[in-house]
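Colleague: I have this model open on my screen and would like to follow how its side chains are described. Could you take me through the reasoning behind the labels?

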Amino acid sequence: MSDPKPPRPYADAPRLPGSEADAPVDVRTLVVGAWRELEIGPGRGGFIFERAAAVPEAGLVGLEVRRKWATIVDQRLAKAGLGARARVFAEDARAALPRMFPEATFRRVYLHFPDPWWKKRHTKRLVIGGGLIAEVARLLEPEGELFVQTDVEDRATLYESEIRACAQLEPFGDIEGSPRLEKNPYNAESPREKRAIADGLPIHRLRFRRR
């Protein structure tokens with residue numbers, strides 16, 4: 001008799017509630033706070049920790065596709081005493097967002113330096129696309145904000161085009177009619193943003209809001 005297979009690494013990663021893949025998820029049960037914010041792809045958690053310190057009133061939800069980092073960051077948040085108002089779940093946002101309710105439940109949604117793939121064949125894997133943007137718009141409060149930043153100009157142009165195509169969102173940048181921002185206004189930086197600033201790389205920041 002062959003030995004049983006070893007358990008999958010991070011098989012106990014935190015997941016959204018619901019035993020079925022399409023089970024509805026009430027966001028109000030995930031974290032406590034005067035309002036809620038969502039980070040898609042929090043990675044090692046640098047931004048979510050800084051944001052939790054900057055705005056203790058906010059409930060923060062992270063969706064991280066890598067089980068390892070979702071597990072590590074969620075455990076770190078709990079050990080820091082933040083587990084009631086900040087959680088990270090091992091989920092693909094493209095599959096998780098359609099499960100979430102009620103509509104208009106997040107005040108802000110953040111995507112920091114998404115899509116780390118450069119070859120043309122990976123275009124279909126891009127996180128920011130019509131389906132995801134439509135779900136973000138559905139879940140944003142009226143005048144709620146979508147903030148995206150990247151250090152790749154071509155990606156910024158692509159993201160801006162994709163988001164502008166969503167009728168529910170409008171540009172909300174430094175200049176009327178443009179989504180472009182010179183500075184990050186959220187008192188928290190992702191690790192990639194810190195590295196880009198240290199290396200003197202230009203950062204392209206986009207902000208839209210729900211009409």
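Colleague: What makes you say that Arg209 lies over the face of Phe172?

Modeller: This is a predicted model, and in it Arg209 is placed 4.2 Å from the ring centre of Phe172. The distance limit for a charge over a ring is 6 Å, and 4.2 Å is within it, so Arg209 is described as lying over the face of Phe172.

Colleague: Thanks! Now the aromatic rings: why is the pair of Phe147 and Tyr186 called edge-to-face?

Modeller: Two values decide that. The ring centres are 5.0 Å apart, and pairing requires them to lie within 6.5 Å. The planes stand at 70°, and over 60 degrees counts as edge-to-face, so the pair gets that name.

Colleague: Why do you say that this pair ties together separate parts of the sequence?

Modeller: Phe147 lies in strand S7, while Tyr186 belongs to the loop between strand S9 (180-181) and helix H6 (191-198); the pair therefore joins parts 39 residues apart in sequence.

Colleague: How do you know whether Phe147 and Tyr186 are buried or exposed?

Modeller: Buried means under 20% relative accessible area. Phe147 has 0%, so Phe147 is buried. Tyr186 has 3%, so Tyr186 is buried as well.

Colleague: Which residues form an aromatic cluster with these two?

Modeller: Phe47 and Tyr110 join Phe147 and Tyr186 in one cluster. The whole structure has 4 aromatic pairs. One of them is Tyr110 with Phe147, an edge-to-face pair at 6.5 Å centre to centre with 80° between the planes. This pair also links distant parts of the chain, with Tyr110 in strand S6 (residues 106-112) and Phe147 in strand S7 (residues 140-150), 37 residues apart.

Colleague: Tyr110 also meets Glu37. What makes their link a polar contact?

Modeller: The side chains of Glu37 and Tyr110 are joined at 2.8 Å, and the limit for such a contact is 3.5 Å, so the distance qualifies. Glu37 is found in strand S2 (residues 35-40). With 0% relative accessibility, against a limit of 20%, Glu37 counts as buried.

Colleague: Finally, which residues touch the most other members of the largest nonpolar core?

Modeller: Those are Ile40, Leu97 and Leu146, in a core of 33 residues. Helix H4 (130-139) is among the elements giving two or more residues, and H4 gives the most, with 5. There is also a second, separate core of 15 residues, including Ile48 and Leu77.

How values were computed:
Residues are numbered from 1 along each chain as its sequence is written. Side-chain values use heavy atoms; hydrogens and water are left out. Rings of Phe, Tyr and Trp (its six-membered ring) pair if their centres lie within 6.5 Å; planes under 30 degrees apart count as stacked, over 60 as edge-to-face and the rest as tilted. Helices (H or I, at least four residues) and strands (E, at least two) are DSSP runs, numbered from the N terminus. Buried means under 20% relative accessible area, exposed over 50%, partly exposed in between (1.4 Å probe, protein chains only). A charge sits over a ring if NZ of Lys or CZ of Arg is within 6 Å of the ring centre and within 35 degrees of the ring normal. A polar contact is a pair of N or O atoms within 3.5 Å; within protein, one must be able to donate a hydrogen and the other to accept it, and residues adjacent in sequence count only if both atoms are side-chain atoms. A nonpolar core is a set of buried Ala, Val, Leu, Ile, Met, Phe, Trp, Tyr and Cys residues joined through side-chain atoms within 4.5 Å.
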